[in-house]
Amino acid sequence: MREPAEEGTARTGLSRRALLGVFGAGAATAAGIGAAGVALAREAGEAPAGDRRFDFFGAHQAGITTPMQNNLYFAAVDVTTDSREDLIDLLRQWTEAAAAMTQGREIDALGALGGSYDAAPEDTGEALGLPASGLTVTIGFGPTLFGDQRGRDRFGIAADRPPGLRELPHFPSDMTDPAISGGDLCIQTCADDAQVAVHAVRNLIRIGFGRTTVRWSQAGFGKSSVTSPDDATPRNLFGFKDGTANITGDPADTDRFLWVAPTDDPAWMAGGTYLAVRKIRMTIETWDRTSLREQEAVFGRSKREGSPLSGGGEFDTPDFTMAGSDGQPLIAADSHMALAHPSANDGQRILRRAYNYTDGSDGLGRLDAGLFFLAFQRDLDKQFIPLQMRLSKSDLMNEYVRYLSSSVFAVPPGVQPGGYWGQSLFDL
């Protein structure tokens, strides 16, 4: 890889739109872009109207509490090198490339068209002409990065593995496939444009060639959660609003339930968080033949407003004791809402960043679709694991879903200019 793009504001690098403008004006030759052309493009590198850009640098990684974009591309990779120096170099290069792409720039100054005509381009180029599109790039470290399946401490970090970072337990309803679970590292990209999200992962994978291999990946569409209090709760592929009681962007909530505190163990994770990933297939055809009464009973909510079946609006506190004319609770004790509500989980809450997915149809012609569930939290043992164990044992929804994958990652804190992802771990 050539020298990385200069970090900082959007004007310090070559914007993708500006680059196309240079070529359209005939200012570049087939052999590459001349210095004058590059200068002109940089001068023209203004963000187009309507282009969202989120800060890359900060105390926390972007792509967690960031207002959700409509498209997701997620990849888990395994590290094939045993060299600590190679791993750190990879993380540095990824950080520099991600910082550029999130601001609408190519991954380095030469990009897709500015290098040697006889060499492979540095940037794959499918995002040329597209704005930053609200791109965020978030990475995480899997348990196997700290010690592989043979127990080897390849990178000298085993002693610094967070105590709560271990493979998720087998939950009673799990039908998980190891081929789409786990991974040494994960990359989550979210963007307003699906091609921009894919472009970011593709280029990080390309940078990692010879040091990483892709273990599995998943595309998502149509956000199925909110991370901003001002956004309306979207519907999942069952047509329901879900996750209403989870946290959004309130700092009091994120400090309590999301971000690892400096007093937590280990201290290098301060400002980071933990990510649980579950691919949940929905048996769409079965659900679509189910009565509205049964559907609402499964969720414990109305389909129209998302309100609790005990009454009120979507965000009103449910009354789990209110009985109907038959003397039974209006919200069944084994409904999804009753089991997932914070009142049933010692007050614990999580931050959901879930997306819908479809992988086409299966061999029987059934829609292969569902929810790609991403849950961020401060403590897996207190939050996601007991919650999922309760749901997996008793949730009425289990008749209509299949848990296909299970992964967990430590998401390190954010990056400061000049730093790199995971620096607080490797500088110990």
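Which residues in H3 meet which residues in H5? I started my notes there. This is a predicted model, and I kept that in mind throughout.

**Entry 1: the H3/H5 pair**

I looked up the two helices and found H3 at residues 84-101 and H5 at residues 194-207. From H3, the residues that make the meeting are Leu90, Gln93, Trp94, Ala97 and Met101. From H5, they are His199, Ala200, Asn203, Leu204 and Ile207. I then checked the geometry: the axes are 10 Å apart, and the packing angle is about 155°. An angle over 145 degrees counts as roughly antiparallel, so H3 and H5 are roughly antiparallel to each other. The handedness came out as right-handed for this crossing.

**Entry 2: the whole chain**

I stepped back for the totals. I counted eleven helices and twelve strands for the protein. Its length is 428 residues, and 54% of them count as buried. For contacts with a separation of 6 or more, I noted that 78% come from residues 24 or more positions apart. The exposed surface is about 17,600 Å², with carbon and sulfur atoms supplying 51% of it.

**Entry 3: the loop between H6 and E7**

I went next to the loop that runs between helix H6 (251-257) and strand E7 (273-282), which holds Trp268. Buried or exposed? I asked this of Trp268. Its relative accessible area is 5%, and the cut-off for buried is under 20%, so Trp268 is buried.

What does Trp268 touch, sequence neighbours up to four places away aside? I listed Phe141, Phe146, Asp160, Pro162, Pro412, Pro413, Ser424, Leu425 and Leu428. Asp160 comes up again in the polar contacts, where the Trp268 side chain reaches the backbone oxygen of Asp160 at 2.8 Å. For Pro162 I noted the C-alpha to C-alpha distance to Trp268, which is 9.3 Å, with their positions 106 residues apart in sequence.

While in this loop I also checked Pro266, which lies between H6 and E7 as well. The peptide bond joining Asp265 and Pro266 is cis, with omega about 0°.

**Entry 4: the loop between E6 and H6**

I picked two residues here. Phe240 is found in the loop between strand E6 (212-223) and H6, and Asp242 lies in the loop between E6 and H6 too.

Phe240 has 0% relative accessibility and therefore counts as buried. Leaving aside neighbours within four places, I found Phe240 in contact with Pro234, Arg235, Trp287, Gln295, Glu296, Phe299, Arg301, Ser302 and Lys303. I also noted Ser224, 16 residues from Phe240 in sequence and 9.7 Å from it in space, C-alpha to C-alpha.

Asp242 counts as buried as well, at 13% relative accessibility. Beyond the residues up to four places away, Asp242 touches Thr233, Pro234, Asn236, Phe299, His336 and Arg352. Which side chains does Asp242 pair with in polar contacts? I found one with the side chain of His336 at 3.3 Å and one with the side chain of Arg352 at 3.4 Å. I measured nothing by hand here, but I did write down the computed C-alpha to C-alpha distance from Asp242 to Ala340, which is 9.9 Å across 98 residues of sequence.

**Entry 5: Gln383**

I found Gln383 in the loop between strand E10 (367-377) and helix H10 (384-394). With a relative accessibility of 4%, Gln383 counts as buried. Which backbone oxygen does the side chain of Gln383 reach? I traced it to Phe257, at 3.0 Å. Phe257 is also on the contact list for Gln383, together with Gln348, Arg349, Ile350, Gln377 and Arg378, again not counting residues up to four places away.

**Entry 6: positive phi**

I ended with two residues that are not glycine. Ser133 has a positive phi of about 60°, and Asp346 has a positive phi near 55°. I placed Ser133 in the loop between H3 and strand E4 (136-141). Asp346 is found in the loop between helix H9 (336-340) and strand E8 (351-352). Buried or exposed? I looked this up for Ser133 and for Asp346. Ser133, at 6% relative accessibility, counts as buried, whereas Asp346 is exposed, with a relative accessible area of 76%.

Definitions and conventions. Residues are numbered from 1 along each chain as its sequence is written. This is a predicted model: local features need pLDDT of at least 70, side-chain atom pairs count only at pLDDT 80 or more; totals for chains, interfaces and linings use all residues. Side-chain values use heavy atoms; hydrogens and water are left out. Helices (H or I, at least four residues) and strands (E, at least two) are DSSP runs, numbered from the N terminus. Buried means under 20% relative accessible area, exposed over 50%, partly exposed in between (1.4 Å probe, protein chains only). Contact means heavy atoms within 4.5 Å. Accessible areas come from the Shrake-Rupley method with a 1.4 Å probe; for residues, only the protein chains shown count as cover. A polar contact is a pair of N or O atoms within 3.5 Å; within protein, one must be able to donate a hydrogen and the other to accept it, and residues adjacent in sequence count only if both atoms are side-chain atoms. Axes are lines fitted to C-alpha atoms, for helices over the stretch in contact, and angles run from 0 to 180 degrees between N-to-C directions. Angles under 35 degrees count as roughly parallel, over 145 as roughly antiparallel, 65 to 115 as roughly perpendicular and the rest as oblique. A crossing is left-handed if the near helix is turned anticlockwise from the far one by less than a right angle, and right-handed if clockwise.
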